[in-house]
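Here is a briefing on one protein chain. Please look over the sequence and the model before reading the points.

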Amino acid sequence: SILQSLGALSWALLLLLIIMYLFTVFFMQGAIMYMADHPESSVVRTGVGTWYGTLLDAMYTLLAAITGGIDWTEAVEPLEHISILYRILWVFYVVFVVIGVM
């Protein structure tokens, strides 16, 4: 019965990975576009470099936020300087993944 549950577990992990990837691409695209238009914004540049420097860094940040590895309010701070929309989507991501997927 344990082997039978591995199939469901692998599909759930794949779904989680796809959701994390989509949100990562969305957040990184917004941050890159903002930094291209506002190169003088050091607060956003520092925060984005810390939490969202590469695709893997950003996915790690999203994973750590839903598993309790980091405080998700710290990780969303550079994004909320860009737009309140990113804060709302970040909250939606955390609530959706914690309640809906996990």
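The points below cover the fold, the surface patch and a few single residues.

This is a predicted model. The chain has five helices and zero strands. A nonpolar patch of about 780 Å² lies on its surface.

**Overall fold**
- The order of elements from the N terminus is α-α-α-α-α.
- The C-alpha trace spans about 60 × 20 × 20 Å along its principal axes.
- The chain has 102 residues, and 33% of them are buried.
- Among contacts with a separation of 6 or more, 68% join residues 24 or more positions apart.
- The accessible surface of the chain is about 6,400 Å². Carbon and sulfur atoms account for 69% of that surface.

**Nonpolar surface patch**
- Which residues make the nonpolar surface patch? Its members are Trp 11, Leu 14, Leu 17, Ile 18, Tyr 21, Leu 22, Val 25 and Leu 55.
- Helix α1 covers residues 2-37 and gives the largest share of the patch, seven residues.
- Leu 17 is one of the patch residues, and its place is in helix α1.
- Leu 17 has a relative accessible area of 46%. That value lies between the 20% and 50% cut-offs, so Leu 17 counts as partly exposed.
- Patch membership asks for over 30% relative accessible area, and Leu 17 is at 46%.

**Thr 61 in helix α3**
- Helix α3 spans residues 55-67, and Thr 61 sits in it.
- Is Thr 61 buried or exposed? Thr 61 is buried, because its relative accessible area is 4% and the cut-off for buried is under 20%.
- Leaving aside residues up to four places away in sequence, Thr 61 touches Trp 51, Tyr 52, Ile 70, Ala 75 and Trp 90.
- Two tryptophans, Trp 51 and Trp 90, are among these partners of Thr 61.

**Pro 39 in the loop after α1**
- Pro 39 is in the loop between α1 and α2, where α2 covers 42-51.
- Pro 39 has a relative accessible area of 53%. The cut-off for exposed is over 50%, so Pro 39 is exposed.
- How far apart are Pro 39 and Thr 24 in space, C-alpha to C-alpha? The distance is 21 Å, with their positions 15 residues apart in sequence numbering.

**Three residues side by side**
- Thr 61 in helix α3 is buried at 4%.
- Leu 17 in helix α1 is partly exposed at 46%.
- Pro 39 in the loop between α1 and α2 is exposed at 53%.

Definitions and conventions. Residues numbered from 1 in each chain as written. Predicted model: local features only at pLDDT ≥ 70, side-chain atom pairs only at ≥ 80, totals over all residues. Heavy atoms only, no water. Patch = residues over 30% accessible without salt bridge, like charges linked within 9 Å, V, L, I, M, F, W, Y side chains within 5 Å. Areas by Shrake-Rupley, 256 points an atom, 1.4 Å probe, with all protein chains shown as cover. Salt bridge = Lys/Arg side-chain N within 4 Å of Asp/Glu carboxyl O. Helix = DSSP H or I, 4+ residues; strand = E, 2+ residues; numbered from the N terminus. Buried < 20%, exposed > 50% of the residue type's maximum accessible area, 1.4 Å probe, protein only. Contact = heavy atoms within 4.5 Å.
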